[in-house]
Amino acid sequence: MSNLGKFHAINPSNNEQLEGEFINATESQIDEVVKKAEQAFDIYRKKGKDSVADFLECIADEILNLGDALLERCHLETALPLARLQGERGRTVGQLKLFASVVREGSWVDARIDTAIPDRVPLPKSDIRHMLIPLGPVAVFGASNFPLAFSVAGGDTASALASGCPVVVKGHKAHPGTAEMVAVAILKAVKICGMPEGTFSLIQGNSRTVGETLVKHSGIKAVGFTGSYAGGKALVEYSNARAEPIPVFAEMGSTNPVFILPGALKERAEEIADGLSGSITLGVGQFCTNPGLSFIQKTENIDQFYKQLNHKISEVPSGTMLTPEMKKAYDKGVYKTLEIPQVEEFAAGLGENTPNSATPKIFKTSIANYFENEVLSEENFGPSSVLVEVQTKEDILKAARDLVGHLTATVFGTTQDFADYSVLFDILELKVGRILVNGYPTGVEVCYSMVHGGPYPATTAPQSTSVGANAIKRFVRPVCFQDYPDTLLPAALRQVNLLNIWRLVNGNLEK
């Protein structure tokens, strides 16, 4: 709710206004924080790797120092259970420490050295060296569904700071009090570690104008975003309207298709049904990796699968969604699905008991009907999913080929299934960022090898990831240094390996 540029958070479990008044950032305020970020960049990008790593670890410590007050405010603003928020805080701290370790080790800068060959015939070869350098101030947009791990001190902020980029965060309007508390922790770490003013800033707002103004500011050099397709697409349009377009790393969700092959269905129909039920409804279906679409090849055990899935879903209580807007959008998606001919409501959870609670809904249709109704492949953010009954292997492969870009795809199968459907995996490699075998897509591990991304429209940058150590490489660019005196070179490229990092020297990886 807003009034003359002011707004308040609400408790989604009862729609009551929460304590605290927040202000939409003005154009002049945005200009001020971005200019401070620009000034900070000249100093911050030159900080040593140990200083930056210490800073990231200090942020993690200061978030923990906020104690239970952070979790309690976050619970009020999101209705997420305290246990879930405690785990999310742990993930937030873990991400910061992961990037601290990446920075402290240092090899992520991708140092490459090709030494000179002055007597090469017919022409001498120059000394050529390469490394990654930070882009500049980054705008980060807080996510609605992860108020800690994908928000003010989330993965985008952690990876941008790790790369040497100052960050300006646009807090999400649904949890501004949480955003403010985390921002205070980061700013305290800025002071403790002696980082320049402007290394981090938070702006608030419940108006799209705030985000548009931030992205269009000439001082911003990249954008990190997790949210809806419409939101990500708008940010790309703002970027492209600039005199200097900038990269927008937007993760915009997906339906995360699941393929259940005949051998797996014969062997463990009930087990797969149990797990699928939990994955669909986890977090009231408000994860970007909840499976919203499953292709099931018919076998004699399919009724057993259906019976168990129906039973498990019928036991799941409704849950409060993060905002009234999300609840309305979810209901609209449910009604839209039911209006499609030959789609049945296959299973439903327990009834709603709060203004914004959502009942789990599972729909079922045939593969022929799926091919005729493209809307069945679209994400409905919340605890709903579509089951598509498939008759043949050819239909499974066609369904896979027809997919647009997704974050994940999951295949349940046996050793024989994998041999019979090996081409399915070749297809899925081109469609998603992460392929799972006999598992469930909810749960994104924060580690060196994780890819949380995928082809458009799952993201706007399919070559990148927003989770995992490689997320740092979104906010950098390569620079080549040719025939530089050793004293002018960055430390990572000098003749003596001052930083003790891995470097590619004349084609050989060495320290």
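Is Glu-88 buried or exposed? In this predicted model, Glu-88 is buried, because its relative accessible area is 4% and the limit for a buried residue is under 20%. Glu-88 belongs to helix 4, which covers residues 82-105. Its C-alpha atom lies 7.7 Å from that of Phe-146, although the two residues are 58 positions apart along the chain. Phe-146 also takes part in a contact with a charged side chain: Arg-84 is placed over the face of its ring, 4.8 Å from the ring centre.

A second contact of this kind involves Lys-398, whose charged end sits over the ring of Phe-371 at 4.3 Å from its centre. Phe-371 is in turn a member of an aromatic cluster, which it forms together with Phe-259, Phe-295 and Tyr-370.

Aromatic pairs in the model number 15. A pair of aromatic rings is described by how far apart the centres are and by the angle between the planes. For Phe-412 and Tyr-440, the centres are 5.2 Å apart and the planes meet at 50°, so this pair is classed as tilted. The pair connects distant parts of the chain, since Phe-412 is in strand 20 (residues 406-412) and Tyr-440 is in the loop between strand 21 (432-437) and strand 22, 28 residues apart. Phe-412 has a relative accessible area of 3% and is therefore buried. Tyr-440, at 26% relative accessibility, counts as partly exposed.

The loop that holds Tyr-440 has further features of the backbone. Asn-438 lies in this loop between strand 21 and strand 22, and its phi is positive, near 55°, in a residue other than glycine. With a relative accessibility of 34%, Asn-438 counts as partly exposed. Pro-457 is also found in the loop between strand 21 and strand 22, and a cis peptide bond, with omega of about 10°, joins Tyr-456 to Pro-457.

Similar backbone features can be found elsewhere in the chain. Val-121 and Pro-122 are joined by a cis peptide bond, again with omega of about 10°, and Pro-122 is placed in the loop between strand 6 (112-114) and strand 7. Ala-79, in the loop between helix 3 (68-78) and helix 4, has a positive phi of about 65° although it is not a glycine.

Another loop, between helix 12 (367-372) and strand 19 (384-390), contains Asn-380. Asn-380 is buried, because its relative accessible area of 17% falls under 20%. Its side chain has a polar atom 3.3 Å from the backbone oxygen of Tyr-330, and it also makes a polar contact of 3.4 Å with the side chain of Ser-384.

The second largest pocket completes this account. Its volume is about 620 Å³, and 25 residues line it, with Arg-45, Lys-46, Lys-47, Met-131 and Pro-490 nearest its centre. Which elements each supply at least two residues of this lining? They are helix 2 (49-65), strand 7 (128-134), helix 5 (155-163) and strand 22 (476-482). Strand 7 provides the largest share, four residues. By class, the lining consists of 17 nonpolar, four polar and four charged residues.

Key:
Residues are numbered from 1 along each chain as its sequence is written. This is a predicted model: local features need pLDDT of at least 70, side-chain atom pairs count only at pLDDT 80 or more; totals for chains, interfaces and linings use all residues. Side-chain values use heavy atoms; hydrogens and water are left out. On a 1 Å grid over the protein atoms alone, a cavity is a set of points where a 1.4 Å probe fits but cannot get out, and a pocket is an open set with protein on both sides within 12 Å along at least five of seven lines; lining residues have an atom within 4 Å of a point. Grid points are joined across faces, edges and corners, and a volume is the space filled by probe spheres set on the points. Ala, Val, Leu, Ile, Met, Phe, Trp, Tyr, Cys and Pro count as nonpolar, Asp, Glu, Lys and Arg as charged, and the others, Gly among them, as polar. Rings of Phe, Tyr and Trp (its six-membered ring) pair if their centres lie within 6.5 Å; planes under 30 degrees apart count as stacked, over 60 as edge-to-face and the rest as tilted. Buried means under 20% relative accessible area, exposed over 50%, partly exposed in between (1.4 Å probe, protein chains only). A charge sits over a ring if NZ of Lys or CZ of Arg is within 6 Å of the ring centre and within 35 degrees of the ring normal. A polar contact is a pair of N or O atoms within 3.5 Å; within protein, one must be able to donate a hydrogen and the other to accept it, and residues adjacent in sequence count only if both atoms are side-chain atoms.
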